[in-house]
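Here are a few worked exercises to try with the viewer open. Have a go at each one before you read its solution.

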Amino acid sequence: MKILIVEDDLEAAAYLSKAFREAGIVLDHASDGESGLFLATENSYDVLVIDRMLPRRDGLSLITELRRRNIHTPVLILSALGQVDDRVTGLRAGGDDYLPKPYAFSELLARIEVLGRRKGTPEQDMVYRVGDLELDRLSHTVKRAGKEILLQPREFRLLEYLMKNAGQVVTRTMLLENVWDYHFDPQTNVIDVHVSRLRSKIEKDFDQPLLRTVRGAGYMMKDEAAG
């Protein structure tokens, strides 16, 4: 599971980061609402954990803007404002759960696990399509022209990210940070090897190529037949 924490209290964020990683959860952290909006828009997360009181853009405004952009990732709101009216306001702004501060980490973790299992995300967010290639995030299957293609977990994650950003150039740095969780270039050919393997699986026996190498920039998933 990969989550985003938007929390301006750096001490609290450091504690949560350590605790989540010990629980086997990959995470990113943003310390203000604008940074949180950028990360939540540019990356794919299973759950967003958003504090209400944030600099630059408050938590409720952040959630409202995400929903306006058709980003339906489950959101858990954290807040010292714990009255009934506060919780109702947060949920009506687009939050999926609301946990008042102070809280026990075990409860926070349990609520995130529940949200991560939620299957209420719109179908268009759960199924990516490029041409006759289809990736289903729920069933973890990939098909092209109705024929199932078997992928290794890392290949699936790589294809998922490429298809999520179809029509756009995806750089090596973007892949390292979002598929391998590296925040630096390890100077290896790991990306080239996996892209080559993925390309052979999704394009073998098919006339129309879908995965392009953009020289000097990165890669792009695009259905050229669609123009």
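**Exercise 1.** In which helix is His194 found? Work out its surroundings too.

*Solution.* Keep in mind that this is a predicted model.
- Step 1: His194 sits in helix α9.
- Step 2: Check the burial. The cut-off for buried is under 20% relative accessible area, and His194 has 15%, so it counts as buried.
- Step 3: List the contacts. Leaving aside neighbours within four places in sequence, His194 touches Arg154, Glu155, Leu158 and Trp180.
- Step 4: Look along the chain. Leu159 is 35 residues away from His194 in sequence, and their C-alpha atoms are separated by 10.0 Å.

**Exercise 2.** Find the angle at which the axes of α7 and α9 cross, and classify the arrangement.

*Solution.*
- Step 1: α7 covers residues 153-164 and α9 covers residues 190-203; their axes come within 10 Å and cross at roughly 80°.
- Step 2: Angles from 65 to 115 degrees count as roughly perpendicular, so α7 is roughly perpendicular to α9.
- Step 3: Now the residues. α7 brings Arg154, Glu155, Leu158, Leu159 and Leu162, while α9 answers with His194, Val195, Arg197, Leu198, Lys201 and Ile202.
- Step 4: Sort them by class, and this contact has six nonpolar, one polar and four charged residues.

**Exercise 3.** Do the same for α2 and α3, and add the handedness of the crossing.

*Solution.*
- Step 1: Helix α2 (residues 33-42) packs against helix α3 (residues 59-68) at about 25°, with the axes 10 Å apart.
- Step 2: Angles under 35 degrees count as roughly parallel, which means α2 and α3 are roughly parallel to each other.
- Step 3: The crossing of α2 past α3 is right-handed.
- Step 4: On the α2 side, Gly33, Gly36, Leu37, Ala40 and Thr41 make the contact; on the α3 side, Leu62, Glu65 and Leu66 do.
- Step 5: The class tally is four nonpolar, three polar and one charged residues.

**Exercise 4.** Which residues have the most contacts inside the largest nonpolar core? Trace the elements that build it.

*Solution.*
- Step 1: This core has 27 residues, and the best-connected ones within it are Leu133, Leu159, Leu162, Leu175 and Met221.
- Step 2: Two or more residues each come from β6 (127-130), β7 (133-136), α7, α8 (172-178), α9 and β12 (218-221).
- Step 3: α7 gives the largest share, six residues.
- Step 4: Zoom in on Met221. Not counting residues up to four places away in sequence, Met221 touches Val130, Leu133, Leu159, Leu162, Met163, Ala166, Gly167, Ile202, Leu210 and Leu211.
- Step 5: Another core lies apart from this one; it has 19 residues, including Ala40, Ile63, Ile77 and Ala93.

**Exercise 5.** Track down some backbone oddities: a cis peptide bond, and positive phi values at Ala145 and Asp205.

*Solution.*
- Step 1: Recall the background: most residues other than glycine have a negative phi, and most peptide bonds are trans.
- Step 2: The cis bond joins Lys101 and Pro102, with omega about -5°. Pro102 lies in the loop between β5 (97-100) and α5 (105-117).
- Step 3: Ala145 has a phi of about 55°. It belongs to the loop between β8 (141-144) and β9 (147-149), and at 54% relative accessibility Ala145 counts as exposed.
- Step 4: Asp205 has a phi near 70°. Its loop runs between α9 and β11 (211-214), and Asp205, at 62% relative accessibility, counts as exposed as well.

Technical notes: Residues numbered from 1 in each chain as written. Predicted model: local features only at pLDDT ≥ 70, side-chain atom pairs only at ≥ 80, totals over all residues. Heavy atoms only, no water. Axes fitted to C-alpha atoms, helices over the stretch in contact; angles between N-to-C directions. Helix = DSSP H or I, 4+ residues; strand = E, 2+ residues; numbered from the N terminus. Parallel < 35°, antiparallel > 145°, perpendicular 65-115°, else oblique. Contact = heavy atoms within 4.5 Å. Nonpolar A, V, L, I, M, F, W, Y, C, P; charged D, E, K, R; others polar. Core = buried A, V, L, I, M, F, W, Y, C linked by side-chain atoms within 4.5 Å. Buried < 20%, exposed > 50% of the residue type's maximum accessible area, 1.4 Å probe, protein only. Left-handed = near helix turned anticlockwise from the far one by under 90°.
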